[in-house]
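Please work through the exercises below with the sequence and the coordinates side by side, trying each task before reading its solution.

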Amino acid sequence: MLSPSSGNTVIKSKLIGRRMFLLTAAKAIVTFGIIGRLVSLQINERSKYKTLSDKNRFREWKLAPERGVIRDFFDKEIASNKQVYQVHLIPENSKDIEKLFVRLKTILNITEKKLFYLKRVIAKQKPWEPIIVSDNITWSEFSRLNLFLHELEGVKPIVSVARMYPDNSSAHILGYVSQVSAKDLQTKKYLKDLHVPGMSIGKTGLERKLDEEIIGKIGFQRYEVNAYGKRIKQILINEGQAGKSFKTTLDFEVQKFTSELVKDKAAAVCVMDVYNGDIVSLVSSPTFKPNEFVHGLDKTYWNSLIKNEMRPLTNKAIAGLYPPGSTIKTLVALSALENGVIKPLDTFKCEGKIELYGEKFHCWEKDGHGIVNLRKGIQRSCDVYFYEVARKLGVDRISETAKKFGLGKKVLNGFIEERAGVVPNTKWKKKFIGQNWYLGETLHSGIGQGYFQSTPLQLCLMTAQIANGGFEIKPRIIFDKKNNNLREYIKYKNENPNDPLPTDLLVSNFELKPLFKNQEHINLIKDAMFSSSNEPGGTSYRHRWENKKFTFAGKTGSSQIKRFTQAQREAEVKQESLPYKDRDHALFVAYAPYNDPKYAISVLVEHGGSGGKTAAPIAKKVIKKVLERHELRKRIDSLLGEQV
Amino acid sequence: MFRPRSIQSSLSIKDKILSIDYILVISIFILGLTSILAMYSTDGGELKYHTKSHVLRFFVFFIMFLILSFIQIRFWHSQSYLIYILFFILLLGVKYFGLTSSGSKRWLDLYFMNLQPSELMKIGLILFLAKYYHRTSIENLNRVRYLFLPIVVLVAPIILVATQPDLGTALLIAAGGLTVAWLAGVRVKFFTISGLASLALLPIAISFLKPYQKSRILTFLNPERDPLGAGYQIIQSKIAIGSGGLFGKGFLQGSQSYLDYLPEKHTDFIFTLFSEEFGFFGSLFILFLYAIIVWRIIKIGNVTRSNFGKLFCYGFGTAFFIYVVVNMMMVLGLLPIVGSPLPIMSYGGSSMMAIMLGLGIVMSCKVYKDTPVN
């Protein structure tokens, strides 16, 4: 049967077929387009996408490294680590953070303020980043937390380590650690790849100086995470590396002893080995509790620190500046001898004061010392004698000698709190004050007043360099096993007393740098210091040791805060009756034992009045303690291979 | 051509079974098995809900497809309009009784399954237009009067679907309908005119777009615009496919999908998952299966005698191709994410049902290729 429209149908199916052919061609093109895209994604760019996929998959959590410990000379830990119990929280693992905090509050001791702070932190960071709810909870809190852990989704009890200082005596020199601040991150390059939430860094003292090395290398845990950041499994763990530990030259026993001795005073004590510059003790008082800084500082404690007029946070030994007072007379005398301005036996007459262009310059002894030569000048600390010497010598030569002995510049390396002090001269005054030098100021400089500013450590170094015969030493606090040229030299000299080589040639063989032209001058000063401490009339005679083993030679000093008025002078006002803030600073420097110097010491007592009365007795006790421990120290020294 | 009616109706069961296109059936079966494998992987290598229900659906609808193959082509022809009207009523039903999920109303709750009538409408429209153009003589084809009905049956469901809102499905429905009309011989100028008209209406249409739809289009133009928001899907999909490399990360080893970086991995992004785990060669394999299926459908269109059969096979074959291509281009970052499932591979009962229905009709065209429809 033929359909009436069959012709029409055929034409139509031909049309359909033709158009279908066109469509098929289009399909082929699109298909190749897709294949092309697959080639480009899966073959050409596969490594790029593989990287992106891994970046998706893995997430790393940093682990804070364990801080290195700091030990004293006898390997006792003076900045150590202790186990602490912490509470961490990963917000995304908790279903209801508000409820969680309410529950946590019943278990731990969290203040509203802290809670508010935590919520703010959570809002700021990614939900998978852990936050530290509390970084130091007690054992009982910790065990309670573990008991209720099943109700506290997202909370992680962590056992970690934190800095612990066994004692407050060395707080200043050790410094303290505390949380990293935004400013630290900006200014300290080494923290850039190192930042872990909750990590502490050194803020002052040795902790800060050594921070870069002591902090250690950061570890990390690499987890596979899903798209919501949930950790699926741990892929890799790198424990990091604990920080380097350091051995110092400090003697913890002496630190404790000295700190106890001066605890009620605003004071500083430095003790130094005169041959190698090892700092045996460096104490500043009053001290503070460095442990309080580790886990976030309590506000009332902080206020009590900054309001205390004795400034417990300042390390007075290296950051406190005081006029050196009469302790500088040793250097003034040395400078005068070296420059040939006076001879040891040249005398001046002290009548209690001298007048210069109408201005009166007083000696501390109102009635005068009579006829005074160099030895007596130092022994009695006669101001008039040194006015005369200074006038002859001029300030520039005093300043030259003072600088040679380490005044006016930083003594240690890398302590940001250390200050350089001032050694004035004509140029200095022109530059910093913009005025010409007056002769009267030279006289003040000659007794360590006026513009002179120095730290107790500088005075200790000065004394050590006099005591060792006038050789330059570099103070050090980090123990290091270098050969001690100065001791070798002295040993050689004792064994070969008749060596024909002149001294200057000899010292250069030992790579020593002498600070004198003629060593005899140094010996004169040392002898004068001996008389000051051990002969009747000496300024610290009352506090001498009779025992040869402890006999020291020293020089007192009192640095004036306020000029005495004429009225006060005439009324013979005693220091003790002045207001605390107006009293002189008491200073004392010494070396011991006299016949074979081993250690130098400087003592400063802020507003302590006279050096002979206040500072010398402290020095006396510390010297005994240090010398009693000398044999021990020497044994360690020889064990460690340092030649004696 | 002369053919006694009796011969046609007396095709033995054996003849019918023998005349089935086995290459097509086998390709579909292999694709189905592959999709089960992929679904198993989306469940993280466990026999869970998605896999189980996908297996069930595939076999149920595969058997339905085989049964439908033996239904007389004449039945499909005679009931075309009715089927379209039925689907249209279901679409209307969605508007009033539909289930709302994530902001759009697309499903009807039929107790045993949630039906998405818009998927069925893809087939319904092709069926309607195949019959319509089969009956329209070549002289009348391009008369404006005869364009009226096709426009109505095309635009009405599209508006319903687009306002669900489901822009992707609406566009795919339109693509199928327009293909049939064009194949039937409607002049290109009408397409041009309507194309220009819709371009003119575009600003109005854009004002109807939901914010998320606008952002998807903008995101397609620049995926890095908002990498954690709307661009996330495209970026993560490209990462998954690209990181698959030549041979893939291995079965059940696709980290992107396993770790939930891949959105909608059961449905729209199933190809991404497969591509990540089986790499470039896996992707080619899928593409190859689809090419065979399309090729066989067109081939059946070639051998079937009636223009209704031809128009349906060509129309459905092309629409099927478009579904595949749009989905792949979408996950490959070549098209905006519009939400279109990959036929047979993707999880979804309605899509599976619609595709199997279409394939059933195609197969019936093969079995009854020489039967005149009227």
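The exercises that follow treat a sheet, a helix and the nonpolar cores in turn.

The model is predicted, with local features needing pLDDT of at least 70 and side-chain atom pairs counting only at pLDDT 80 or more, while totals for chains, interfaces and linings use all residues. Residues are numbered from 1 along each chain as its sequence is written, and chains are lettered from A and ligands numbered from 1 in the order in which they are written.

**Exercise 1.** Determine which strands stand at the edges of the sheet with order 1-8-9 in chain A.

Step 1. Strands are DSSP runs of E with at least two residues, and helices are runs of H or I with at least four, both numbered from the N terminus; two strands pair if DSSP finds at least two bridges between them.

Step 2. The sheet is open, has three strands in the order 1-8-9, and its pairing is antiparallel. Strand 1 (58–63) and strand 9 (231–238) of chain A each have a single partner strand, so they stand at the edges and one side of each is left without a neighbour in the sheet.

Step 3. Strand 1 of chain A is joined by six bridges to strand 8 (residues 219–225) of chain A, and within this antiparallel pair Glu60(A) has Arg222(A) as its bridge partner.

**Exercise 2.** Find how many residues of helix 11 of chain B are buried, and check the length of this helix.

Step 1. A residue is buried if 20 or more other C-beta atoms, placed from the backbone, lie within 10 Å of its own, exposed if 12 or fewer do, and partly exposed in between. Buried residues make up 52% of the 374 residues in chain B.

Step 2. In helix 11 of chain B, 11 of the 13 residues are buried, so the helix is largely enclosed by the rest of the structure; among them are Gln233(B), Lys238(B) and Gly244(B).

Step 3. The expected span is 1.5 Å times one less than the number of residues, which gives 18 Å for helix 11 (residues 232–244) of chain B and agrees with the 18 Å between its end C-alpha atoms. Gly245(B), which follows this helix, has a positive phi near 65 degrees.

**Exercise 3.** Locate the largest nonpolar core relative to domain 1 and domain 2 of chain A.

Step 1. A nonpolar core is a set of buried Ala, Val, Leu, Ile, Met, Phe, Trp, Tyr and Cys residues joined through C-beta atoms within 7 Å. The largest has 124 residues, of which Cys270(A), Met272(A) and Ile601(A) touch the most other members.

Step 2. Domain 1 (60–247) and domain 2 (252–639) of chain A both give residues to this core, so it lies between them; the bounds come from an automatic or database domain assignment.

Step 3. Another core, of 108 residues, lies apart from it and includes Leu178(B) and Met345(B).
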